[in-house]
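Let's work through some exercises on a protein model together. Keep the structure in view, try each task yourself, and then follow the solution step by step.

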Amino acid sequence: MSETMPDDVAIESVLNERREFPPPAGFSDAIGGAHISSIEQYREMYDRSIRDPDGFWGEIAGELDWFEPWSTVLQWESPDAKWFVGGTTNLCHNCVDRQVANGYGDQVAIIWEGEPVEGGSPEVRRLTYADLARETARFGNVLKSLGVRKGDIVTLYMGMVPELAIAMLACARIGAVHSVIFGGFSARAIADRVQDADSRIVVTCDGGWRRGAVVPLKDNVDAAAAMTDRVKTVVVLKRCGNEVAWTLDRDHWWHDLVGGVSDDCPCEAMDSEDMLFLLYTSGSTGKPKGILHTTGGYMVYTYLTSKYVFNLVPDRGQVYWCTADIGWVTGHSYIIYGILPNRVPTLMYEGAPNFPADDRFWDIVERHKVTQFYTAPTAIRAFMKWGNEHPRKHDLSSLKLLGTVGEPINPEAWMWYHREIGSERCPIVDTWWQTETGGQLIMPLPGVTVTVPGSCTLPFFGVDAAVVNDHGEQLPVNVGGLLVIRKPWPAMLRGIHGDRQRFIETYFARVPGMYLTGDGARRDERGYFWIMGRIDDVINVAGHRLGTMEVESALVSHPAVVEAAVVGMPHEIKGTGIAAFVTLEKGHDPGDELRKDLLKHVTTEIGAIARPDMIRFTDALPKTRSGKIMRRLLRDIAAGTDSDQDTTTLEDFSVMARLREADDG
């Protein structure tokens, strides 16, 4: 659907999931102490956060360091929020220098593991808070020597190496704005983002490791620089040792610049509303959106969500691992900025989950004794497809908490995660949020919330979430509609870089005064939220609106199916039909009999209205390099049209060719 969707946005709610899991007994003792001990405590705190946001967030902000106190906690005039008005602080200080000043400089801040495995063991580096203080100060001075000043935008296009975290924190230290571009993006994508940000400096690597091969990062930057006149300086970290072209006076080796530079670089006092970073959403077509996040509110919100959602407790032997790439907001918020202030080691891994073998993640968990593990549903479905034997050959007993992020998780994938990875003893925090929200908005709290597979459950403190129609009227229980947030929260985006009108039209125009998430959702009898897919992915079948997520979940609940993507397709009678693209478990062969069985299964699980009009079997689905299914490309295939859409983020172009040749049945 598009902006022309009629006022009646109700969506048929059809998925019937009744399994529920109380908080595991003994979780508090196992994790090293729980911050929130009961659902009653959560409800009391939540009610206060909505009723008295100034008091609630003022107390939380007081747990961090400020150079100058704020005069007002919140100023709100839709669509503009200002948090901790008049206060000054620095996020690098709160991540790093604060820990050193408090006597924790020798504690490990970042555990990094490289992808290559040579001689039977990978390269591992452990950086303490003192290491980060020294290295961020040095690189901060390097950036200053290259002409970077407070407010300038520095583009970072790197692999998952510690120097990426150092570069981000160095920017925050000196008051520069960083714009991180995922290392899987093309030269065209780099050029577009550099141009939009008016960024004159790019920090990159010679290459990055991915499945044993070198990703030519510097070559991509060179190609991007040829497409724009913005790039004047390129700093190159030597990671892979691959040959690279060199432009004199523009290109500089990281090690040459850092060698001999002073490590005296005080943290810049930043106004709470000073820009911290830009992060571009890849978008489906057209100009990418530079999402603008500021300093104080983002700092406070990511600190608190990290603390409560992952139950981070320092000095209890915890090791936290988020498997995301820092090129995405998940890596910004829940590898670096939310975790370091909580003083729990954060693990960074450079490469692919299946190199050199399909058990790499579980090998990492075992060797580093990971306690909190945060990954995406698309990765979980890949693990399922690769087979149970891989996690089962590793000792995963260190795990105490599991999390999911990036998209709604199918109930059967949730159950596999619960059973095979968590051994039915780890709470699962299914988190819903977006690049624009800065931090997690709806999720269970571990050891507190009764969880239901497929539901992200309840809103976080200060988050006034609701399911409404186009008039902003709250819809009844189990009626799907628009997911909105009715009050500001500290980490919310402050705008789209250089495009005020697009910011208003995209997020605040359709339901005036409320932030429109772009997702469809419903809320059940207990108040739990169920994400039903993007509004654009809702299918109108013969007058019935169906959430694609629920049809996909019905398919994945069949024992032969490991992953499914559902899109709308033209239908001469219904107007819109349902097209399903299905990936099978090992040992199951595609064919007419299985196709008939799947049709029957969906009819049984949901009803005849949700019965797919087309099922196409495939060995893989088109995904971005971050693992998200590119459903817009599948819509073109289902419609039988040639796609002229942007495919720069597509990881494997051969998938599209194979899909076009596949049999629909």
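**Exercise 1. In which sense do strand β29 (residues 575–584) and β30 pair, and over how many bridges?**

Step 1. β29 and β30 pair in the parallel sense, over four bridges. Strands here are DSSP runs of E with at least two residues, helices are runs of H or I with at least four residues, and both are numbered from the N terminus. Two strands pair if DSSP finds at least two bridges between them.

Step 2. Look at alanine 580: its bridge partner in β30 is isoleucine 615.

Step 3. Now widen the view to the open sheet, where three strands follow the order β28-β29-β30 with mixed pairing. β28 (561–571) and β30 (614–617) each have a single partner strand, so they stand at the edges and one side of each lacks a neighbour in the sheet. On average, neighbouring strands of this sheet are turned by 25 degrees against each other, direction ignored.

Step 4. Add the helices. Helix α13 (residues 377–386) packs on the sheet and touches β28 and β29, while helix α18 (residues 592–605) touches β28, β29 and β30. Contact means heavy atoms within 4.5 Å.

A word on the model: it is predicted, with local features needing pLDDT of at least 70 and side-chain atom pairs pLDDT 80 or more, while totals for chains, interfaces and linings use all residues. Residues are numbered from 1 along each chain as its sequence is written, and side-chain values use heavy atoms, leaving out hydrogens and water.

**Exercise 2. Describe how α2 and α3 cross, then do the same for α6 and α11.**

Step 1. Two packed helices are described by the angle between their axes and the distance between the axes. Axes are lines fitted to C-alpha atoms, for helices over the stretch in contact, and angles run from 0 to 180 degrees between N-to-C directions.

Step 2. The axes of α2 (residues 39–51) and α3 (residues 53–61) come within 5 Å and cross at roughly 110 degrees. These two helices are therefore roughly perpendicular (65 to 115 degrees; under 35 is roughly parallel, over 145 roughly antiparallel, the rest oblique). Among the residues that meet are Met45 and Arg48 in α2 and Pro53 and Phe56 in α3.

Step 3. For α6 (residues 162–174) and α11 (residues 329–337), the axes come within 12 Å and cross at roughly 90 degrees. α6 and α11 are therefore roughly perpendicular too. Their contact is made by Ala165, Met168, Leu169 and Ala172 of α6 with His332, Ile336 and Tyr337 of α11.

**Exercise 3. Is glycine 140 buried or exposed, and what does it contact?**

Step 1. Glycine 140 lies in helix α5, which covers residues 129–145 and is followed by glycine 147, whose phi is positive, near 95 degrees.

Step 2. Glycine 140 counts as buried because its relative accessibility is 0% (buried is under 20% relative accessible area, exposed over 50%, partly exposed in between, with a 1.4 Å probe and protein chains only).

Step 3. Leaving aside neighbours within four places in sequence, glycine 140 is in contact with Ala170, Ile174 and Cys265.

**Exercise 4. How many disulfides does the count give?**

Step 1. A disulfide is a pair of cysteine sulfur atoms within 2.5 Å, and the count comes to zero.

Step 2. Check cysteine 95: the nearest cysteine sulfur, that of cysteine 92, is 6.9 Å away.

Terms used. Expected span 1.5 Å × (residues − 1).
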